[in-house]
Structures are given as C-alpha cells and as structure tokens.
Amino acid sequence: MPRKFIIGGNWKCNGTNASIEPLTKGVAAVVDAEMAKKVEVVLGVPFIYLTKVQQILAGEANGANVLVSAENAWTKSGAYTGEVHVGMLVDCKVPYVILGHSERRQIFKETDEVVAEKVKVAIGAGLKVIACIGETEAERVGNKTEEVLARQLKAINTTLTKEEWKNVVLAYEPVWAIGTGKTATPDQAQEAHAFIRNWMAANISKEVAEETRIQYGGSVNNANCDELAKKVDIDGFLVGGASLDAGKFATIIKSA
Ligand code: PGA
C-alpha cells in the first residue's frame, strides 16, 4: 500500500480566538474530497483552542477532512498541575498528538526516554502520534546526525511493538532548520529520511519501514514544498510558521 501523504500544521504557542477562525476555515476550504484522497491534513493546535477548532471544522463543508492534533500530552491523570493527559485528548475526540518536538526536548528538557514513554502511553490510549526526531546544528557539523537519529529512534522503538508502529508518523525535523528559514535541501532531507527508513528496516521490520510515513519539518514554505515533496522517502511535512498563513499552507497542501 502506498504511503498517504500527511501534512501537519504546527501552530505552536500562537493564535487568538480571532485569528484561528479564518485560518481554520481557510485550510478546510482547500481540503475537498479530491484533495482528501491524496493527503491527510492535521492541524496541531494549542490545547485551549482544540475544542474551538473542532467546532469550526464541524461547521465547514470539508471540515471532516481536516483532523486536529495536540502538540504535547502528559501520560497520567492525577496530581500534575498544569498538565493535560492523553486520556483527556481521547475524551475530547482529538485523534493525534505531536510528541518529542525539539522545542519540548530543548526548552522543556524532555529526554529520549520521556518522549518514548509518552509515545507508548499515547498509542495505548488510542491516539495517533507524530513523533519528532532530528539533530542540532552542532550535531550535524560534528557528523553525528545518524548517531542522533538512531538514538532517538531506538528509544521510541524500545517501548513499541511492531503493531503499535502503525499509529506512528515520524517527523524528521533538523533543529537547525526549524524557524530559521534555513531549510534542508531536498537531497539532505532525502538522505536523512532514507537513513531513518533503513534503520527501521534493520531494527524493526521491512514492513514497518515501508509503511511508516516520515514527514520533513523545518522552514517548509510555499516556495520549497514542491521540490521536497518529490523525494521518494518524504511522505509529508510538519509545518510551523507557514501553517499560520492559510494561503501559504494551502499551497503546501497542494504539493501532495
Ligand atoms: P518551521 O517549524 O516550519 O517554522 O520551521 C517547523 C516545526 O517546528 O514543526
């Protein structure tokens, strides 16, 4: 089965009640039935706006073709002030969660093990996970890209069964390309994606390697998406800045 292209918008900590309405409607307008056959579109929304975005989508003709995702989650209910756990996302019919984004790893000090535990628990709760991996600039310059990717993949794989990998989308996001305007070239991205797929074939199974979708993320925009989308191992994008502009995001969706 060919891998269906998947384009995620990662709104991060952005948006207001006023701004998310036209943005959500603008995205829904592009994802008609024909487009939805080619591409799965997922909006990563701050917790506080998830329900509102779901309500806006419910009122749009193509709304059912756009899914929402949380941008993080905690693993358990209980005395964890300020956290939102995976069961709450399921309760609110949120199908996806982004985990292990480099901003969570760097700013909020989430280790490989914490990310892996979150991925495991989220899938166990019934969520689909966009799991992010990627090297920093220093790691790339130090020729450590493959070592870092393998370490991050191994941590996630340690907790998952082959069956559970069906609910994972990987996002390769080189940290040096996120929000910097410095996109990986299509060849650089393809090289990393091929490494990830080969790692999965060798360490999980050929089937999981063939079936798992790998998004590229890091300064994807309306001008560079078409060239990136042509690469064989690039199965979609995770888009930050450009996903806040309905017009640019629409162009990226059309690259599928
Ligand atoms: P960017 O962010 O598109 O703004 O570089 C990507 C991401 O962080 O997912």
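**Asking what the labels rest on**

Colleague: Why is glutamate 40 called buried?

Modeller: Its relative accessible area is 16%. Buried means under 20%, exposed means over 50%, and partly exposed is what falls in between, using a 1.4 Å probe and the protein chains only. At 16%, glutamate 40 is under the cut-off, so buried is the right word. Bear in mind that this is a predicted model, where local features need pLDDT of at least 70, side-chain atom pairs need 80 or more, and totals for chains, interfaces and linings use all residues. Residues are numbered from 1 along each chain as its sequence is written, and side-chain values use heavy atoms, without hydrogens or water.

Colleague: What makes the pair glutamate 40 and arginine 213 a polar contact?

Modeller: Their side chains come to 2.8 Å. The rule asks for a pair of N or O atoms within 3.5 Å; within protein, one must be able to donate a hydrogen and the other to accept it, and residues adjacent in sequence count only if both atoms are side-chain atoms. Since 2.8 Å is within 3.5 Å, the pair fits on distance. Glutamate 40 itself sits in strand β2, residues 39-44; strands are DSSP runs of E with at least two residues, helices are runs of H or I with at least four, and both are numbered from the N terminus.

Colleague: And aspartate 235, is that buried or exposed, and how do you know?

Modeller: Buried, because its relative accessibility is 4%. The residue is in the loop between α11 (225-229) and β8 (236-239). Its side chain has a polar contact of 2.7 Å with that of arginine 197. Setting aside neighbours within four places in sequence, aspartate 235 also has contacts (heavy atoms within 4.5 Å) with residues including Arg3, Lys4, Arg213 and Ile214.

Colleague: Why is arginine 151 called partly exposed?

Modeller: The value is 42%, which lands in between the two cut-offs, so neither buried nor exposed applies. Arginine 151 belongs to helix α8, residues 145-159, and its side chain makes a polar contact of 2.6 Å with the side chain of aspartate 112.

Colleague: How many disulfides does a search of the whole structure find?

Modeller: Zero. A disulfide is a covalent bond between the sulfur atoms of two cysteines. The test here is a pair of cysteine sulfur atoms within 2.5 Å.

Colleague: Why does cysteine 92 fail that test?

Modeller: Its closest cysteine sulfur, in cysteine 13, is 19 Å from its own, which is too far for a bond. Cysteine 225 fails as well, because the closest cysteine sulfur, in cysteine 132, is 19 Å away. As for cover, cysteine 92 is partly exposed at 40%, whereas cysteine 225 is buried at 0%.

Colleague: Which residues come nearest to the ligand, and what makes a residue count as near?

Modeller: Near means that one of the residue's heavy atoms lies within 4 Å. Of the 13 residues around the ligand, Lys12, His101, Glu173, Gly179 and Ser219 come nearest. An oxygen atom of the ligand is 2.6 Å from a backbone N or O atom of glycine 179. A polar backbone atom of glycine 240 lies 2.8 Å from a ligand oxygen, and for a polar backbone atom of glycine 241 the distance is 2.8 Å. The protein buries 95% of the 280 Å² that the ligand exposes when taken alone, with areas from the Shrake-Rupley method and a 1.4 Å probe.
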